[in-house]
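Here are a few short exercises to work through with the structure on your screen. Try each task before you read its solution.

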Amino acid sequence: MELVIKHTRNYKGEVKSEDGKIIMNLSQGFDNAGNMIGGTNVAIINRELYKADIEGCRKQQDAFTAEMRKIEDELLGE
């Protein structure tokens, strides 16, 4: 039997409405080599607000993905 502990990084983002209500949470994990683990996790917290501005929410999700790609590039370049 063997215990293997790996260092990972997890980034989280929140998309909030103008009045500060959380609409959705985003997260992305990276392994110790700097590779993304799986896909971006999306949890829609307030479906009504999400539906009311689905385009804005998708833009925020795209911005999160773009930022994760920058982080991945930096981690792989270390």
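**Exercise 1: Two rings**

Tyr-11 has a relative accessibility of 27%. The model you are looking at is predicted.

Task: Find out whether Tyr-11 and Phe-30 are buried, partly exposed or exposed, and how their rings are arranged.

Solution: Start with the cut-offs: under 20% is buried and over 50% is exposed, with partly exposed in between. Tyr-11, at 27%, therefore counts as partly exposed. Phe-30 has 0%, so this residue is buried. Next, turn to the rings. The structure holds 1 aromatic pair, formed by Tyr-11 and Phe-30, with 5.6 Å centre to centre and 90 degrees between the planes. Planes over 60 degrees apart count as edge-to-face, and that is the label for this pair. Finally, place the partners: Tyr-11 belongs to strand S1 (residues 9-16) and Phe-30 to strand S2 (residues 22-30), 19 residues apart, so the pair links distant parts of the chain.

**Exercise 2: A serine in a loop**

Task: Where does Ser-17 lie, and is Ser-17 buried or exposed?

Solution: Look in the loop between S1 and S2 to find Ser-17. Its relative accessible area is 17%, so Ser-17 is buried. Now check its partners. The side chain of Ser-17 makes a polar contact of 2.3 Å with that of Asp-19. Beyond neighbours within four places in sequence, Ser-17 touches Ile-23 and Leu-49.

**Exercise 3: A hairpin**

Task: In which sense do S2 and S3 pair?

Solution: S2 and S3 (residues 36-44) run antiparallel, paired over 6 bridges. Asn-25 sits opposite Ala-43 of S3. Between the strands of this hairpin are 5 residues, and Gly-34 has a positive phi near 95 degrees.

Methods:
Residues numbered from 1 in each chain as written. Predicted model: local features only at pLDDT ≥ 70, side-chain atom pairs only at ≥ 80, totals over all residues. Heavy atoms only, no water. Phe/Tyr/Trp six-rings, centres within 6.5 Å; stacked < 30°, edge-to-face > 60°. Helix = DSSP H or I, 4+ residues; strand = E, 2+ residues; numbered from the N terminus. Buried < 20%, exposed > 50% of the residue type's maximum accessible area, 1.4 Å probe, protein only. Polar contact = N/O pair within 3.5 Å; in protein donor to acceptor, adjacent residues only side chain to side chain. Contact = heavy atoms within 4.5 Å. Pairing = 2+ DSSP bridges.
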